[in-house]
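Hi everyone, thanks for making time this morning. I'd like to walk you through a structure, so let me put it up on the screen.

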Amino acid sequence: GHRGAAVIADGSGSRLHAHGLVVDGTGVRLSDLGGGHAIYAAHDAEATVEASLLAGNRSTGLAADHARLAADRCVVRTTLFAPLVDPENRQLKAELADGILAATATGLDIRRCLVLDNQRAGVLVDATPGARLSRTLVTGGSYGVVLQHGAKLKLEANAVYGNTLQNHADDAGLAVPSPPAFAAP
């Protein structure tokens, strides 16, 4: 029942370590209808999430925005669409509904997770070099794994299948509503 974000790590020196956390049903902010992040790390913060359930949240389950994110043994499911809002509280012509989102992240390490039934992408990596996805199942969304704006993702023993539009895609653009182009898995 949170609004905007349930758990936030923001700013250099901020560190979050969550183990066994359940975040369910984070809604959008009433002021501008943006947000809806279950766990949000930003501005050089570091977040580590283990053995946690993030379900039914708006916008993102796990998000790293210019921050470092690590997740191990988590379930991220049923993330629902919410408007993308810029820092001046203007709605952009796009919506997010991504299980795991790394936007210009300083690090991303996702291990042994289940990423299921998210309305847009299971895992979206934007302008993030050196990200890693290992031993993770990504299924049931519109897109499975999306790479864009020069993102590099090391894939190790994952199962990415059963997504309705594409399992692997690239260069969609966070604020561009057109679908990503096909990419080799």
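Asp98 is buried, with a relative accessible area of 0%. Keep in mind as we go that this is a predicted model. Asp98 sits in strand β11. What does Asp98 touch, leaving aside residues up to four places away in sequence? The list is Ser59, Thr60, Gly61, Thr79, Arg120, Ala121, Gly122 and Leu124. Two of those names, Ala121 and Leu124, will come back in a moment.

Let's turn to the nonpolar cores. The largest one has 35 residues, and the members that touch the most others are Leu62, Ile100, Leu108 and Val125. Which strand gives the most to this core? That is β4, residues 37-42, with three residues. If you pick out Leu62 on the screen, you can follow its contacts to Ile39, Val49, Leu54, Leu69, Ala71, Val76, Gly99, Ile100 and Leu101, again not counting residues up to four places away in sequence. There is also a second, separate core of nine residues, and here are our two names again: Ala121 and Leu124 are among its members, along with Ala94 and Ala169.

Now for the sheets. As a general reminder, the strands of a sheet pair through backbone hydrogen bonds, either parallel or antiparallel. In this model, one open sheet has six strands in the order β2-β5-β8-β12-β15-β18, and the pairing is parallel. At its edges are β2 (15-19) and β18 (153-156), each of which pairs on one side only. On average, neighbouring strands of this sheet are turned by 5 degrees against each other, direction ignored.

Let me go through some of the pairs. β5 (residues 46-50) and β8 (residues 68-72) are joined in the parallel sense by five bridges, and Val49 has Ala71 in β8 as its bridge partner. Both Val49 and Ala71 were on the contact list of Leu62. Moving along, β12 runs parallel to β15 (residues 131-134), with three bridges between them; there, Arg111 is partnered with Ser134 in β15. Then β15 pairs with β18, also in the parallel sense, over four bridges, and Leu133 finds its bridge partner in Leu155 of β18.

Another open sheet, again of six strands with parallel pairing, has the order β3-β6-β9-β13-β16-β19. Its edge strands are β3 (22-24) and β19 (159-160); each has a single partner strand, so one side of each is left without a neighbour in the sheet. Within this sheet, β9 (residues 75-77) and β13 (residues 114-116) pair in the parallel sense over three bridges, and Arg77 stands opposite Leu116 in β13.

Next, the charged side chains. How many salt bridges does the structure hold? There are 10. One of them joins Asp72 to Arg111, with the closest N and O atoms 3.9 Å apart. Asp72 is in strand β8 and Arg111 in strand β12, so this pair ties together parts that are 39 residues apart in sequence. Asp72 is buried, at 5% relative accessible area, whereas Arg111 is partly exposed, at 26%. Arg111 also forms a salt bridge with Asp109, where the closest N and O atoms are 3.2 Å apart. Step back and you find a network of salt bridges linking Asp72, Arg73, Asp109, Arg111, Arg112 and Arg132. Over on β18, Glu156 forms a salt bridge with Lys154 at 3.3 Å between the closest N and O atoms. Glu156 is partly exposed, at 25%, and Lys154 is exposed, at 51%.

Some of you will want to hear about cysteines. The structure holds zero disulfides. Why is Cys74 unpaired, then? The closest cysteine sulfur, in Cys113, is 4.7 Å from the sulfur of Cys74, which is too far for a bond. Cys74 and Cys113 are each buried, with a relative accessible area of 1% for Cys74 and 1% for Cys113.

Last, two backbone details. His66 is not a glycine, yet has a positive phi of about 60 degrees. His66 lies in the loop between β7 (59-65) and β8, and is partly exposed at 39%. Thr104 likewise has a positive phi, near 50 degrees. Thr104 is in the loop between β11 (91-103) and β12 (107-111), and is partly exposed at 33%. That's the tour, and thanks for listening!

Technical notes:
Residues are numbered from 1 along each chain as its sequence is written. This is a predicted model: local features need pLDDT of at least 70, side-chain atom pairs count only at pLDDT 80 or more; totals for chains, interfaces and linings use all residues. Side-chain values use heavy atoms; hydrogens and water are left out. A nonpolar core is a set of buried Ala, Val, Leu, Ile, Met, Phe, Trp, Tyr and Cys residues joined through side-chain atoms within 4.5 Å. Buried means under 20% relative accessible area, exposed over 50%, partly exposed in between (1.4 Å probe, protein chains only). Contact means heavy atoms within 4.5 Å. A disulfide is a pair of cysteine sulfur atoms within 2.5 Å. Two strands pair if DSSP finds at least two bridges between them. Axes are lines fitted to C-alpha atoms, for helices over the stretch in contact, and angles run from 0 to 180 degrees between N-to-C directions. A salt bridge is a side-chain nitrogen of Lys or Arg within 4 Å of a carboxyl oxygen of Asp or Glu.
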